[in-house]
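Me: I'm new to this one, so could you walk me through it? Let's put it on screen and then go question by question.

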Amino acid sequence: MSITKQQVLDAFHFRCATRYYDPERKISKEDFDYILELGRLSPSSVGSEPWQFLVVQNPELRQALKPVSWGMATQLDDASHVVVILANKKARYDSDDFRQNLLRRGLNEEQLQQAVAKYETFQKNDIKVLENDRTLFDWASKQTYIALANMMTGAALIGIDSCPIEGFNYAEVNRILAQTGAYDAEKYAVSVAVTFGYRAKDIRPKSRKPLNEIVHWIE
């Protein structure tokens, strides 16, 4: 069954940055697996997939994050699910991750070397992300926002609320999460967070600029 344009638009109007969740309503495993799959299937620059999804359900860990996560302070107690999206700090053209991604595409060794050479030129000369560690991390973080948007949109399509969050002390959140040992902190760092659940109260209607202020046609 195909989804209509109106259904998609309705979901976009429904979606909002939800600050207060109903603590009694939890997302089913089936629905949350669907949301995570949307993140996994998201596109990324040169197929890099430079992300990890850290699902923070431990109540004690959520409380530890609260003092340094002002953007989530109203949500850490009541959100059904909290996801911290990590970005690969070492997503270089010559990394093993890049090689494994290329191998998954079924490339032979000659094709693999050609692809690596192309991505080297891209990262060094075209997009210039190898100038320092920060530029490479920022490039990887851009990719995580594609997955973030797809997860939130897909959630809205089935009536699940969400809120994207950058409002926290990145150094402290990285430190607290790294202590769990859930991921390689030498390789990954926090890019953005997102909460999911069901809104506790009605949200005011969207306020957006009109289309003619933000779209410019070049013909």
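Reply: Sure. One term before we start: a residue is called buried when its relative accessible area is under 20%, exposed when that value is over 50%, and partly exposed in between. Keep in mind, too, that this is a predicted model.

Me: With that in hand, is Val192 buried or exposed?

Reply: Val192 sits in strand β4. Its relative accessible area is 1%, and the cut-off is under 20%, so Val192 is buried.

Me: Which residues does Val192 touch, leaving out those up to four places away in sequence?

Reply: One group has numbers in the eighties, and β2 covers residues 81-88. Others, Thr144, Tyr145 and Leu148, have numbers within the 133-157 range of α6. The full set is Val83, Val84, Ile85, Thr144, Tyr145, Leu148, Ile165, Glu166 and Tyr170.

Me: Let's zoom out. How many helices and strands are there in the protein chain?

Reply: From the N terminus on, the elements run α-α-β-α-β-α-α-α-β-α-β-α. Count each kind along that string and you get 8 helices and 4 strands.

Me: What share of the contacts with a separation of 6 or more comes from residues 24 or more positions apart?

Reply: Some background on the chain: it has 219 residues, and 39% of them count as buried. Its C-alpha trace spans about 55 × 50 × 35 Å along the principal axes. As for those contacts between residues 24 or more positions apart, the share is 79%.

Me: How many Å apart are the end C-alpha atoms of helix α2?

Reply: Helix α2 has 12 residues, 29-40. The expected span is 1.5 Å times one less than the number of residues, so for α2 it comes to 16 Å. The distance between the end C-alpha atoms agrees with that: 16 Å.

Me: Within what arc do the buried residues of α2 fall, seen down its axis?

Reply: The buried residues in α2 are Phe32, Ile35 and Gly39. An α-helix has 3.6 residues a turn, so residues three or four places apart point the same way. The buried residues of α2 line one face of the helix, because they fall within an arc of 55°.

Me: Which elements do those buried residues of α2 pack against?

Reply: We've met some of the partners already: Val192 is in β4, and Trp139 will turn up in α6. Packing here goes by contact, with heavy atoms within 4.5 Å. The partners are β1, β2, α6 and β4.

Me: Is Ala79 buried or exposed, given that it lies in a loop?

Reply: The loop that holds Ala79 runs between α3 and β2. Ala79 touches Tyr21, Lys26, Arg62, Thr195 and Phe196, not counting residues up to four places away in sequence. Thr195 is 116 residues away in sequence, yet the C-alpha atoms of this pair are 6.2 Å apart. With a relative accessible area of 1%, Ala79 is buried.

Me: What is the relative accessible area of Trp139?

Reply: Trp139 is found in helix α6. Leaving aside neighbours within four places in sequence, its contacts include Ser45, Val46, Ser48, Phe98 and Phe122. Trp139 counts as buried, and its relative accessible area is 2%.

Me: Val46 came up there. What is its phi near?

Reply: Val46 is in the loop between α2 and β1, and at 22% relative accessibility it counts as partly exposed. Most residues other than glycine have a negative phi. Val46 has a positive one, near 45°.

Me: Is Glu49 buried, partly exposed or exposed?

Reply: Glu49 also belongs to the loop between α2 and β1, and its phi is positive, near 45°. Its relative accessibility is 37%, so Glu49 counts as partly exposed.

Me: Which element gives the largest share of the lining of the second largest pocket?

Reply: That pocket has a volume of about 180 Å³. Of its 14 lining residues, Ser48, Glu49, Trp51, Gln52 and Tyr188 lie nearest the centre. β1 and α4 each supply at least two residues of the lining. The largest share, 5 residues, comes from α4.

Me: And how many residues in the lining of the largest pocket are charged?

Reply: The largest pocket has a volume of about 370 Å³. Of the 18 residues that line it, Cys16, Ala17, Ile203, Arg204 and Pro205 are closest to its centre. The lining has 7 nonpolar and 3 polar residues, and the charged ones number 8.

How values were computed:
Residues numbered from 1 in each chain as written. Predicted model: local features only at pLDDT ≥ 70, side-chain atom pairs only at ≥ 80, totals over all residues. Heavy atoms only, no water. 1 Å grid on protein atoms, 1.4 Å probe; cavity = no way out; pocket = protein on both sides within 12 Å on 5 of 7 lines; lining within 4 Å. Points joined across faces, edges and corners; volume = space filled by probe spheres on them. Nonpolar A, V, L, I, M, F, W, Y, C, P; charged D, E, K, R; others polar. Buried < 20%, exposed > 50% of the residue type's maximum accessible area, 1.4 Å probe, protein only. Arc of directions from axis to C-beta.
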